[in-house]
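Let us take a walk through this structure together, one step at a time. Have the sequence and the 3D view at hand as you read.

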Amino acid sequence: MTSKERAGLKSQAVNIEPVLQIGKSGITPELTEAVRETFHTRELTKIHILQSCTEEGRVLGQTLADRTGSEVVQVIGRMIILYKKNDELHQKNTVKDPSKNDHPVKDKSRVSNKRLTVTKAKQAAEYKKGKKVILTKEKAENISAAKGRKRHDN
């Protein structure tokens with residue numbers, strides 16, 4: 001797991017509540033099975049370690065990850081965050097892929113080379129008139145040709 005994916009998962013984990021608790025008995029086979037079952041419905045699981053548990057959080061997290069085939073995203077204080085990819089959930093498009101950015105990205109293939117920049121004065125004048133300011137290559141050539149003719153006519 002890359003650091004970017006881990007950071008994305010951490011940000012998603014802020015909004016979820018712990019679904020399991022580890023008590024004084026530590027990691028039992030029942031707890032391990034419950035963690036496995038949570039990965040059927042979600043990819044990200046938050047587990048709370050109660051104060052009665054004497055084991056260290058990092059050890060508990062790594063043990064659970066090894067037994068369930070998941071990865072430790074973060075152990076902070078008495079919280080363990082585990083991640084296991086579930087392909088069935090990705091097929092339904094119900095889970096965000098942590099490696100992808102959540103922000104929309106413009107499709108750069110749509111941008112054509114026909115658009116040219118316009119001077120700021122021209123943009124300001126057109127904006128005041130309420131017009132959209134996008135020049136195509138042909139219009140720009142016509143304008144520059146017209147300017148060229150005016151100069152030669154003088």
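**Starting in the sheet**

Leu20 stands opposite Ile47 in strand E2. This is a predicted model, in which local features need pLDDT of at least 70 and side-chain atom pairs count only at pLDDT 80 or more, while totals for chains, interfaces and linings use all residues. Residues are numbered from 1 along each chain as its sequence is written, and side-chain values use heavy atoms, with hydrogens and water left out.

The strand that holds Ile47 belongs to an open sheet of four strands, with the order E1-E2-E4-E3 and mixed pairing. At its edges stand E1 and E3, each with a single partner strand, so one side of each has no neighbour in the sheet. From one strand to the next, the twist averages 25°; such angles run from 0 to 180 degrees between N-to-C directions, with axes as lines fitted to C-alpha atoms, for helices over the stretch in contact. Two strands count as paired if DSSP finds at least two bridges between them. Strands of a sheet pair through backbone hydrogen bonds, either parallel or antiparallel.

Now go from pair to pair. E1 and E2 are parallel and share three bridges. E2 and E4 run antiparallel, joined by five bridges, and here Leu44 faces Tyr83 of E4. E3 (residues 71-76) and E4 are antiparallel as well, with five bridges. Tyr83 in E4 is the bridge partner of Glu71, and Leu82 in E4 is the bridge partner of Val72. E3 and E4 form a hairpin with two residues between them, and Gly77 in the turn has a positive phi of about 65°.

**The chain as a whole**

How many helices and strands does the chain have? There are six helices and four strands; these are DSSP runs numbered from the N terminus, with helices (H or I) of at least four residues and strands (E) of at least two. Read from the N terminus, the elements follow the order α-β-α-β-α-β-β-α-α-α. Of the 154 residues, 27% count as buried, where buried means under 20% relative accessible area, exposed means over 50%, and partly exposed lies in between (1.4 Å probe, protein chains only).

**Into the core**

Which strands are covered? Five of the six residues of E2 are buried, so E2 is largely enclosed by the rest of the structure. E4 is mostly covered too, with four of its five residues buried.

These strands lead us to the largest nonpolar core, which has 15 residues; Ile22, Val35, Ile47, Leu60, Leu64, Ile80 and Leu82 have the most contacts inside it. A nonpolar core is a set of buried Ala, Val, Leu, Ile, Met, Phe, Trp, Tyr and Cys residues joined through side-chain atoms within 4.5 Å. Two or more residues of this core come from each of strand E1 (20-22), helix H2, strand E2 (44-49), helix H3 (57-68) and strand E4 (79-83). Another core lies apart from it, with six residues, among them Ala13, Val73, Ile81 and Tyr83.

Pause at Ile80. Leaving aside neighbours within four places in sequence, Ile80 has contacts that include Ile22, Ile47, Leu60 and Val75, where contact means heavy atoms within 4.5 Å. H2 lies across E1, E2 and E4, and runs at about 155° to E1.

**A pair of charges on H2**

Side chains of opposite charge can pair when their charged atoms come close. The structure holds one salt bridge, meaning a side-chain nitrogen of Lys or Arg within 4 Å of a carboxyl oxygen of Asp or Glu. Arg36 and Glu33 form this salt bridge, at 3.2 Å from N to O. Both residues lie in H2 (residues 29-41), three residues apart, about one turn of the helix. Are they buried or exposed? Arg36 is partly exposed, with a relative accessible area of 34%, and Glu33 is partly exposed at 37%.

**Back to the beginning of the chain**

Our last stop is Ser3, in helix H1 (residues 3-13). Ser3 is exposed, with a relative accessible area of 61%. Ser3 and Val73 are 70 residues apart in sequence and 9.7 Å apart in space, C-alpha to C-alpha.
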